[in-house]
Structures are given as C-alpha cells and as structure tokens.
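Reader: Please take me through the classifications assigned to this model, and give the reasoning for each label.

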Amino acid sequence: QVQLVESGGGLVHAGGSLRLSCAASGRTSGSMAMGWFRQAPGKDRKFVAAITLIRSTTYYADSVKGRFTISRDNARNTLYLQMNSLKPDDPAVYFCAAAPFAWDMSYLTGADNYHTWGPGTQVTISS
C-alpha cells in the first residue's frame with residue numbers, strides 16, 4: 001500500500017505562487033496515475049490536475065489550466081503542483097491521490113477512482 005503526504009501549503013497573496021509537494025512511500029508500483037484535488041469548506045472535493053506515471057500525460061481542470069502545472073520526480077517519488085497567479089477562489093485543502101489505472105481524463109477526474117489519499121495541505125489566499 002502506498003502512503004502519501006502533502007506539504008507546501010500556506011498563506012499567499014492573490015497573484016502569488018506556491019508549490020505543493022506530495023511524497024509517496026511504500027508500495028508505489030500499484031498506481032498508474034496521480035492527481036491533485038481540492039476541497040473548500042462546505043463544498044465537494046474537486047479535481048485539479050492529474051498525471052499518468054508511464055507517459056506523463058497531464059490533465060487539468062479548466063479553472064486552473066494555464067496557471068497550475070503538475071509534475072513528478074520519479075527518483076524522489078514525489079508529485080508536485082506548481083500554482084501561479086493564485087486567485088481568491090483557489091483557497092482550499094489540497095489533496096494528492098493515487099489511482100490504480102490511467103484510462104483517460106474522464107476517469108482521472110473522478111475522486112472515486114483513486115485508491116489512496118494524503119491528509120491534505122491548506123492553501124489560503126490573502127487579498
């Protein structure tokens with residue numbers, strides 16, 4: 001079983017940048033893709049971005065396309081989310097997750113398709 005731990009959250013001004021990290025440990029071979037989701041208070045968990053682990057194909061929610069970049073460092077078993085031009089509607093708890101398959105974007109946008117989740121890291125925006 002893989003374990004995931006996020007880091008890098010914090011308080012940043014609108015328009016600023018943050019880089020989130022997600023360190024994976026344990027049995028990582030059972031995952032074919034990884035993703036980032038976010039959840040604001042009182043709202044459902046929403047897809048942010050995903051990356052497949054063989055071809056490094058990336059997918060993004062429309063709300064973050066052009067501002068966020070998902071990437072991974074296989075040697076470090078670490079997933080990243082570079083967030084630029086942060087907006088007032090970006091604050092949330094950000095979660096990384098691992099999926100057993102990497103069929104397509106439709107599949108990877110579904111939170112139920114991920115088998116392992118990290119505890120999350122809080123991102124707060126000050127106006």
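Reader: Why is Arg-76 called exposed?

Author: The model is predicted, and the labels are computed from it. Arg-76 has a relative accessible area of 60%. The term exposed applies over 50%, so Arg-76 at 60% is classed as exposed.

Reader: What makes the contact between Asp-73 and Arg-76 a salt bridge?

Author: The N to O distance between the side chains of Asp-73 and Arg-76 is 3.3 Å. The criterion requires a side-chain nitrogen of Lys or Arg within 4 Å of a carboxyl oxygen of Asp or Glu. The value of 3.3 Å meets that limit, and the contact therefore qualifies as a salt bridge.

Reader: Why is Asp-73 called partly exposed?

Author: The relative accessibility of Asp-73 is 23%. Buried means under 20% and exposed means over 50%, with partly exposed in between; Asp-73 at 23% therefore counts as partly exposed.

Reader: How many salt bridges does the rule give in total, and which others can be described?

Author: The count comes to four. Among them is the pair of Lys-65 and Asp-62, with the closest N and O atoms 3.2 Å apart. Lys-65 and Asp-62 are both exposed. Another is formed by Arg-67 and Asp-90, where the closest N and O atoms are 2.7 Å apart. This pair links distant parts of the chain, 23 residues apart: Arg-67 lies in the loop between E6 and E7, and Asp-90 in the loop between E8 and strand E9 (92-99). Arg-67 and Asp-90 are both buried. In addition, Arg-38, Arg-67 and Asp-90 are linked in a network of salt bridges.

Reader: What makes the phi values of Ser-56 and Asn-77 worth noting?

Author: Most residues other than glycine have a negative phi. Ser-56, which is not a glycine, has a positive phi near 55 degrees. Asn-77, likewise not a glycine, has a positive phi of about 50 degrees. Ser-56 is found in the loop between strand E5 (46-52) and E6, and Asn-77 in the loop between E7 and strand E8 (78-83).

Reader: How do you know whether Ser-56 and Asn-77 are buried, partly exposed or exposed?

Author: Ser-56 has a relative accessible area of 34%, and Asn-77 has a relative accessibility of 37%. Partly exposed lies between the 20% and 50% limits, so Ser-56 and Asn-77 are each partly exposed.

Reader: What is said of Ser-63?

Author: Ser-63 has 43% relative accessibility and therefore counts as partly exposed. Ser-63 lies in the loop between strand E6 (58-60) and strand E7 (68-73). Ser-63 and Phe-47 are 16 residues apart in sequence, and their C-alpha atoms are 9.9 Å apart in space.

Reader: Why are E1 and E7 placed at the edges of their sheet?

Author: The open sheet has four strands in the order E1-E3-E8-E7, with antiparallel pairing. Strand E1 (2-7) and E7 each have a single partner strand, so one side of each is left without a neighbour in the sheet. Neighbouring strands of this sheet are turned by 15 degrees against each other on average, direction ignored.

Reader: How do you know that E3 and E8 pair?

Author: Pairing requires at least two bridges. Strand E3 (residues 18-26) and E8 are joined by six bridges in the antiparallel sense, and the requirement is therefore met. Within E8, Leu-79 stands opposite Cys-22.

Note on methods
Residues numbered from 1 in each chain as written. Predicted model: local features only at pLDDT ≥ 70, side-chain atom pairs only at ≥ 80, totals over all residues. Heavy atoms only, no water. Helix = DSSP H or I, 4+ residues; strand = E, 2+ residues; numbered from the N terminus. Buried < 20%, exposed > 50% of the residue type's maximum accessible area, 1.4 Å probe, protein only. Axes fitted to C-alpha atoms, helices over the stretch in contact; angles between N-to-C directions.
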